[in-house]
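User: Please take a close look at the ligand site in this model. Walk me through what surrounds the ligand and what touches it.

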Amino acid sequence: MVRKIDKDIKQYYADRAYEYNKTYLRPERQKDIKKLHKLLTTLLKGHLVLEVACGTGYWTKTIASVSKFITAVDVNDEVLQIAKSRRIPSDKVIYVQDDVYKLNKIQNNFSAGFAGFWWSHILKSKLKRFIALFHSKLQPNALVIFIDNRRVKGSSTPISRIDIHGNSYQIRKLEDGREYEILKNFPTKKEIRETIGNKVKNLKIKFLTYFWIVSYNIE
Ligand SMILES: C[S@@+](CC[C@H](N)C(=O)[O-])C[C@H]1O[C@@H](n2cnc3c(N)ncnc32)[C@H](O)[C@@H]1O
């Protein structure tokens, strides 16, 4: 049987919706999380933002506090309902239920694109295709930002296996005991640079202790 990794990830986050936000409360990560909020509010000020895989809207709320408008996309209604409960003013945000690998419901008029903790869940073989589709929804010169986890011993869930293409996986457990094997990649700076390619401008890759952030402008 061929495993449908994307389907597994989608289901896992639907099932995890109500416990997801606890990930942002981990004490050792607070200093870095504060830095990410500061960076995002500085970089995305005044932008028309497309956020993909927005989840429960944790970053959506921060970005909406400074951006002109944010379109927040996720495939799971379970997480979008929680995002909506954050009560971001409706003249600042719209939520769209769509698949990041299709983005059929999304126009191409954004001045910035953002994805938080999504890159790591994309198979290496699909990354470039996803990025090309994401870029196609943005205006020329648009700003693109990705943030994601670094692998930190003692803090990250251990890697359970690595497939023949170099994708790594973790066994994740929900509070009710349900277990899932989830794709979670931890790219190096070199891999990030190679994936984005050299057709972009102002590329900056910053590794904090627990997270990485990349920003650049498309052509
Ligand atoms: C790790 S969570 C990140 C959530 C949010 N960006 C954050 O940083 O808090 C990944 C999100 O991707 C969503 N997702 C999974 N597969 C998707 C797909 N094919 N299209 C759109 N969203 C998807 C899940 O529902 C989940 O909300």
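Analyst: Start with the location: the largest pocket is where the ligand sits. Keep in mind that this is a predicted model.

Next, the shell. The ligand is surrounded by 20 residues. Tyr24, Ala53, Asp74, Asn76 and Gly116 are the closest of these. By character, the shell splits into 13 nonpolar, four polar and three charged residues.

Now the polar contacts, taken one by one. Asn76 is among the closest residues, and an N or O atom of the Asn76 side chain lies 2.8 Å from an oxygen atom of the ligand. Trp59 also contributes through its side chain: an N or O atom there is 3.3 Å from a ligand oxygen atom. Val75 uses its backbone instead. A polar backbone atom of Val75 is 3.3 Å from a nitrogen atom of the ligand. These pairs count as polar contacts because the N or O atoms are within 3.5 Å of each other.

How much of the ligand does the protein bury? Taken alone, the ligand exposes 600 Å². The protein buries 98% of that area.

To put the site together: the ligand occupies the largest pocket, with 13 nonpolar residues in its shell. Side-chain atoms of Asn76 and Trp59 face ligand oxygen atoms at the distances above, and the Val75 backbone does so for a ligand nitrogen.

Notes
Residues numbered from 1 in each chain as written. Predicted model: local features only at pLDDT ≥ 70, side-chain atom pairs only at ≥ 80, totals over all residues. Heavy atoms only, no water. Near = heavy atom within 4 Å. Polar contact = N/O pair within 3.5 Å; in protein donor to acceptor, adjacent residues only side chain to side chain. Areas by Shrake-Rupley, 256 points an atom, 1.4 Å probe, with all protein chains shown as cover. 1 Å grid on protein atoms, 1.4 Å probe; cavity = no way out; pocket = protein on both sides within 12 Å on 5 of 7 lines; lining within 4 Å. Sits in = over half its atoms within 2 Å of the grid points. Nonpolar A, V, L, I, M, F, W, Y, C, P; charged D, E, K, R; others polar.
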